[in-house]
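Here is a short report on how two chains pack together. Look at the structure first, then read on.

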Number of protein chains: 2
Amino acid sequence: MNKPRISLIGSGNVATHLGKALFESGYQIAQVFSKTFEKAKLLADQLAAEPINDLSEINPDTDLIFVLVKDSWMMEVLEHFTSYDTLLVHASGSVEMDVLKPFSANFGVFYPLQTFSRTRIITFKNIPVCIEANTSKNVSILSEIAKDISGNVYQMDSEQRLRLHIAAVYACNFSNYMYSIAEEFLHRNNIPFDIIKPLILETAHKAMDSSPSMVQTGPAYRGDKEILEKHTSLLHSDPKIREVYALISDLITNRHELFKKLEL
Amino acid sequence: MNKPRISLIGSGNVATHLGKALFESGYQIAQVFSKTFEKAKLLADQLAAEPINDLSEINPDTDLIFVLVKDSWMMEVLEHFTSYDTLLVHASGSVEMDVLKPFSANFGVFYPLQTFSRTRIITFKNIPVCIEANTSKNVSILSEIAKDISGNVYQMDSEQRLRLHIAAVYACNFSNYMYSIAEEFLHRNNIPFDIIKPLILETAHKAMDSSPSMVQTGPAYRGDKEILEKHTSLLHSDPKIREVYALISDLITNRHELFKKLEL
């Protein structure tokens with residue numbers, strides 16, 4: 001099978017990381033679209049592609065078009081692709097595949113499960129990619145591409161992918177928010193954030209070889225009411241953050257008690 | 001300065017990791033106490049120490065005694081040390097140093113900021129240790145010991161240490177709880193937890209070289225209401241977990257809007 005010629009709609013973090021991984025695996029990137037020409041050019045130049053900032057300039061002969069824009073903007077972009085044959089693919093966890101149906105005879109989803117940032121170099125090889133497509137032929141095409149750039153390829157329907165995305169919100173977005181509460185609280189108290197970094201890293205590493213629910217620690221888990229009260233009373237000036245403390249501590253305590261009962 | 005002879009009250013995770021680090025750095029461990037003799041012996045044997053399970057057997061000539069039991073049990077243990085000269089030290093984040101005052105003329109705190117588990121090998125060298133003591137001489141003693149086993153030693157009073165402990169609860173206990181929600185949710189939906197591990201690790205690594213509040217991602221941060229509604233409606237069968245989703249998403253959204261305003 002010849003490698004398909006690919007275009008990218010979007011020039012954000014996902015487009016950048018995916019585009020580079022594809023390019024490095026020998027895929028020809030035809031065009032890169034961004035509303036801002038400079039942004040399109042910045043990425044296109046790295047991928048030997050043509051930068052465009054007008055969707056009507058998209059070459060309909062491209063084999064595959066990745067639509068890598070914000071979910072909320074995706075429908076507006078797709079309006080430009082009515083009655084295409086080109087394989088239209090989005091990369092969103094929570095958008096069902098069938099939103100692509102009105103716009104092409106060939107469509108699918110290519111969802112890389114990772115948090116991308118402009119500054120960090122990421123090896124795509126370690127990123128799980130979940131694929132879905134409307135025909136078995138298109139599944140094969142996306143599967144080939146996914147295997148070329150990643151060592152972890154899963155086939156998953158839209159329903160399962162949505163659930164996976166929910167889990168990712170807790171594991172990534174919410175855990176990062178916990179870090180940021182810690183960061184702000186330390187900052188307000190003139191304690192360097194650096195002091196807590198080994199703890200953050202070890203907590204994540206523990207989850208690699210143990211079940212997180214089995215290695216839970218902390219005052220809520222131990223049911224240490226005295227410390228829980230000390231902590232919440234110190235958070236009095238920040239009712240929202242205190243609410244987080246109370247809710248999550250309650251959940252940890254209750255689950256621990258449930259576990260203890262089950263062991264009996 | 002001669003290395004002080006040390007005894008350990010407790011045989012849990014902290015006692016085990018600290019005891020081994022001290023022993024490997026050439027400290028003589030005199031005794032290890034646990035309520036259960038077998039547990040005392042298990043650790044004592046590894047440290048060439050005497051195992052005991054009766055606090056009255058503690059040798060009062062030991063230079064330093066680490067009280068490494070649950071906070072809630074600490075006072076009961078301390079009652080056995082009235083009118084000692086021995087340097088009495090606890091390792092708790094949220095217990096103020098002065099609880100030790102009635103029990104010895106010499107006392108202090110040695111707080112290693114890490115999450116310990118029995119199964120994971122941890123290099124003490126990378127663990128920040130916060131010390132506090134009642135005299136400058138005792139500060140020196142604890143500081144020497146801390147520097148012998150760790151590369152990150154901080155001097156910190158009880159008030160600051162309590163605040164650090166609160167930050168640690170968010171960064172470690174609560175982020176681990178976020179992992180465990182993800183784990184359970186995936187399990188209920190027949191998706192392997194393994195698929196989400198690279199994401200957990202990358203999220204933690206991002207916090208090593210960026211400010212977590214600056215690299216926040218996800219639907220709440222993007223203000224993607226459609227996805228937020230999809231997610232919460234799928235969590236309908238689990239009101240507590242949905243409450244976590246709603247509260248944290250609100251906080252992320254509000255802060256992002258505040259940031260955007262500040263940039264104007």
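B:Ile9 is in contact (heavy atoms within 4.5 Å) with ten residues beyond its neighbours within four places in sequence, among them B:Phe33, B:Leu55, B:Phe66, B:Val77 and B:Phe81. B:Ile9 also belongs to the largest nonpolar core, which has 124 residues. Such a core is a set of buried Ala, Val, Leu, Ile, Met, Phe, Trp, Tyr and Cys residues joined through side-chain atoms within 4.5 Å; buried means under 20% relative accessible area with a 1.4 Å probe, protein chains only. A:Ile9, A:Tyr170, A:Ile196, B:Ile9, B:Tyr170 and B:Ile196 touch the most other members.

This is a predicted model: local features need pLDDT of at least 70, side-chain atom pairs count only at pLDDT 80 or more, and totals for chains, interfaces and linings use all residues. Residues are numbered from 1 along each chain, chains are lettered from A in the order written, and side-chain values use heavy atoms, without hydrogens and water.

The interface totals follow.

| Chain A with chain B | Value |
|---|---|
| Residues of chain A in contact | 91 residues |
| Residues of chain B in contact | 91 residues |
| Buried area | about 9,100 Å² |
| Salt bridges | six salt bridges |

Buried area is the accessible area (1.4 Å probe) lost on being put together, summed over both parts. Carbon and sulfur atoms give 67% of it. A:Arg120, A:Tyr170 and A:Ile195 supply 8% of the area that chain A buries against chain B.

A salt bridge puts a side-chain nitrogen of Lys or Arg within 4 Å of a carboxyl oxygen of Asp or Glu. One joins B:Arg120 and A:Glu202 (2.7 Å, N to O).

Conventions
Buried area = accessible area lost by both parts, 1.4 Å probe. Buried < 20%, exposed > 50% of the residue type's maximum accessible area, 1.4 Å probe, protein only.
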